Number of protein chains: 2
Amino acid sequence: MKGHPMDSICDCNQCELRNVFFESFSDEDLGDICRNKTEFTYLSGETVFREGDLIRYFSYLKSGLVKLFKSDQAGKDQIITIAGPYDFVSLLGVFSDTRHSYSVSVLEDAVLCCIDIESMKEIALRNPGFSMSLMERMGAASTRIIHEGLEIRKRNTHGKVAYILLKFCNEIYGECIFDLPVSRREIAENIGTTTENVIRTLSEFRKEKLIRINGKEIEVLNPAALERISNYG
Amino acid sequence: MKGHPMDSICDCNQCELRNVFFESFSDEDLGDICRNKTEFTYLSGETVFREGDLIRYFSYLKSGLVKLFKSDQAGKDQIITIAGPYDFVSLLGVFSDTRHSYSVSVLEDAVLCCIDIESMKEIALRNPGFSMSLMERMGAASTRIIHEGLEIRKRNTHGKVAYILLKFCNEIYGECIFDLPVSRREIAENIGTTTENVIRTLSEFRKEKLIRINGKEIEVLNPAALERISNYG
DNA sequence: TTAGTGATATGATATTTGTCATATTATGAT
DNA sequence: ATCATAATATGACAAATATCATATCACTAA
């Protein structure tokens, strides 16, 4: 699946994300980026790229939600992280590898800004301030993923599920009521347990009135108690 | 603990690591690095820096073995990774953060090459090729840590212990017989289980003649079987 | 509509893992 | 040498987790 290039190419000068990623840019460099970028829209369920595909773009998410994941030989997936607006879709390997080391697929309709990787390298090479801020931002993204992995690794199943629910509340949606963008199986693939354990744990949280469940809709009724469980209760 | 600056400052021109980290350097830049770096030696058990300390250096390991770890409020440690020669000690946060987000201590007597962080930033800002190769190398380091975290997350205890033993064989020492540089507790802190489980699992591997144990000395007798267990047997 | 498939849900059970107790061996300090 | 402490080791048991079976529900395709 290739995504759908937008007819109306956005104007990078007006891009609300300019300050986030390209603050140190001159107008010329911004023009360069603008000419060498394509915006792609994807529908929920579509694949952006697969592990092993050639890297063509440096890309970041303007809107929507995607998952980064790896598949093993048995076909089982392992979710690395869920990325939202302002997050990078191409991680650090983008400048050193020729092929993607993970797959990306879309959880909620998404718009990606994709900049031709060779152009990106050229611009970085003649704009050291940009290289530096890129390094800072990509460093922060990697640090976040590493940190999240450690947080998950040290928790038991209850703590893991509480942790991921709070991530949806606090980081992804910013509210205590939301539609889960992933299946129970995907939660399991994210936190490293089985689908049944996720379902069971969610049911237990429901019985204890910590959350309300209606299919994909989740409401966190007692965030403080979930925090306690997440911090190992 | 501050480490012990070497009396004989090495000549970066002669440094065997030059090709690894600073390939794109001009002689002038190399001279700059050389003037702004200090080599520190540390003994096994010493601390290089602690989580929360101000970042003063960009540093990499010339020789020896160190652990990168985080401590929680209860004082329990979690090992992020074990780093060897040619590995970075300062990770990606080094250019964006002011304080270290993890601690580093020494497992085997180590020599660190430490370059003043402000000098490093200046040099990177006027040498975009260097920024780029730095980004590539730090990217590869982060990718390795993320990958290792995923590999650990998906294994059960036997698989985790087999995985870490094979890491010592294949990646750290390059032979099947070696002295464990870490305690059983540290292995547990690395793979996310308890000390008892590590000890028990090692004993089981010994009883099944997969390994030979003599205190810290380990010999892997059946790497193929360990591989099978690591790949989930 | 109906059949088929995948997601959610729950129970039963076996296995794995964590916890607690205890003993022995190393290691380091005085 | 002696003491204290940490590391290693093992058993017993409780708790957590994985596995297997089964049922219902939702959704898609024909």
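In this predicted model, α7(A) gives the most to the surface near DNA strand C, with five residues. In total, 17 residues surround this strand. The closest are A:R184, A:S203, B:T157, B:T193 and B:N197, a set drawn from chain A and chain B. Three elements give two or more residues to the surface near strand C. These are α6 (184–191) and α7 (195–207) of chain A, together with α7 (195–207) of chain B. By class, eight residues of this surface are charged, seven are polar and two are nonpolar.

The protein meets both the backbone and the bases of DNA strand C. Of the strand C atoms within 4 Å of the protein, 63% belong to sugar or phosphate, and the rest belong to bases. Individual contacts illustrate both kinds. The side chain of A:R206 places an N or O atom 3.3 Å from a phosphate oxygen of strand C. For the side chain of A:K216, the distance to a phosphate oxygen of strand C is 3.1 Å. The side chain of B:E196 instead has an N or O atom 3.3 Å from a base nitrogen of strand C.

DNA strand D also has 17 residues around it. Those that come nearest are A:T157, A:T193, A:N197, B:R184 and B:S203. Here the largest share of the surface, five residues, comes from α7(B). The elements that each supply at least two residues are α7 of chain A and α6 and α7 of chain B. The class make-up of the surface near strand D is two nonpolar, seven polar and eight charged residues.

Sugar or phosphate accounts for 67% of the strand D atoms within 4 Å of the protein, and bases account for the rest. Two of the phosphate contacts involve A:T193 and B:S203. A polar side-chain atom of A:T193 lies 2.6 Å from a phosphate oxygen of strand D. For B:S203, an N or O atom of the side chain is 2.5 Å from a phosphate oxygen of strand D. A base is also approached. A polar side-chain atom of A:E196 lies 3.2 Å from a base nitrogen of strand D.

The two protein chains also touch each other. In this interface, 34 residues of chain B are in contact with 34 residues of chain A. The size of an interface is often given as the accessible area lost when the parts come together. Between chain B and chain A, the buried area is about 3100 Å². Carbon and sulfur atoms give 70% of that area. On the chain B side, B:Q78, B:M135 and B:R153 lose the most area to chain A. Together they make up 24% of what that side buries.

No salt bridges are counted between chain B and chain A. Four residue pairs are in polar contact across this interface, with both residues of each pair at pLDDT 80 or more. The chain B elements that each supply at least two residues to the contact side are β5 (77–83), α3 (117–126), α4 (128–153) and α6 (184–191). Among these, α4(B) gives the most, with 18 residues. By class, the chain B side has 16 nonpolar, twelve polar and six charged residues.

Within chain A, the assignment gives domain 1 (4–151) and domain 2 (155–230). Their centres, taken over C-alpha atoms, are separated by 27 Å. Twelve residues of domain 1 are in contact with eleven residues of domain 2. The area buried between these domains of chain A is about 1100 Å², and carbon and sulfur atoms give 47% of it. In domain 1, the residues that lose the most area to domain 2 are A:I79, A:I82 and A:E151. Together they account for 45% of what that side buries.

Three salt bridges cross the interface of the two domains of chain A. A:E148 forms a salt bridge with A:K167, with the closest N and O atoms 3.1 Å apart. Five residue pairs are in polar contact across this interface, both residues being at pLDDT 80 or more. On the domain 1 side, two or more residues come from each of β4 (57–71), β5 (77–83), β6 (103–116) and α4 (128–153) of chain A. The largest share, six residues, comes from β5(A). By class, this side has five nonpolar, two polar and five charged residues.

Terms used
Residues are numbered from 1 along each chain as its sequence is written. Chains are lettered from A and ligands numbered from 1 in the order in which they are written. Side-chain values use heavy atoms; hydrogens and water are left out. Contact means heavy atoms within 4.5 Å. Buried area is the accessible area (1.4 Å probe) that two parts lose on being put together, summed over both. A salt bridge is a side-chain nitrogen of Lys or Arg within 4 Å of a carboxyl oxygen of Asp or Glu. A polar contact is a pair of N or O atoms within 3.5 Å; within protein, one must be able to donate a hydrogen and the other to accept it, and residues adjacent in sequence count only if both atoms are side-chain atoms. Helices (H or I, at least four residues) and strands (E, at least two) are DSSP runs, numbered from the N terminus. Ala, Val, Leu, Ile, Met, Phe, Trp, Tyr, Cys and Pro count as nonpolar, Asp, Glu, Lys and Arg as charged, and the others, Gly among them, as polar. Domain bounds come from an automatic or database domain assignment. A residue is near a molecule or strand if one of its heavy atoms lies within 4 Å of it.
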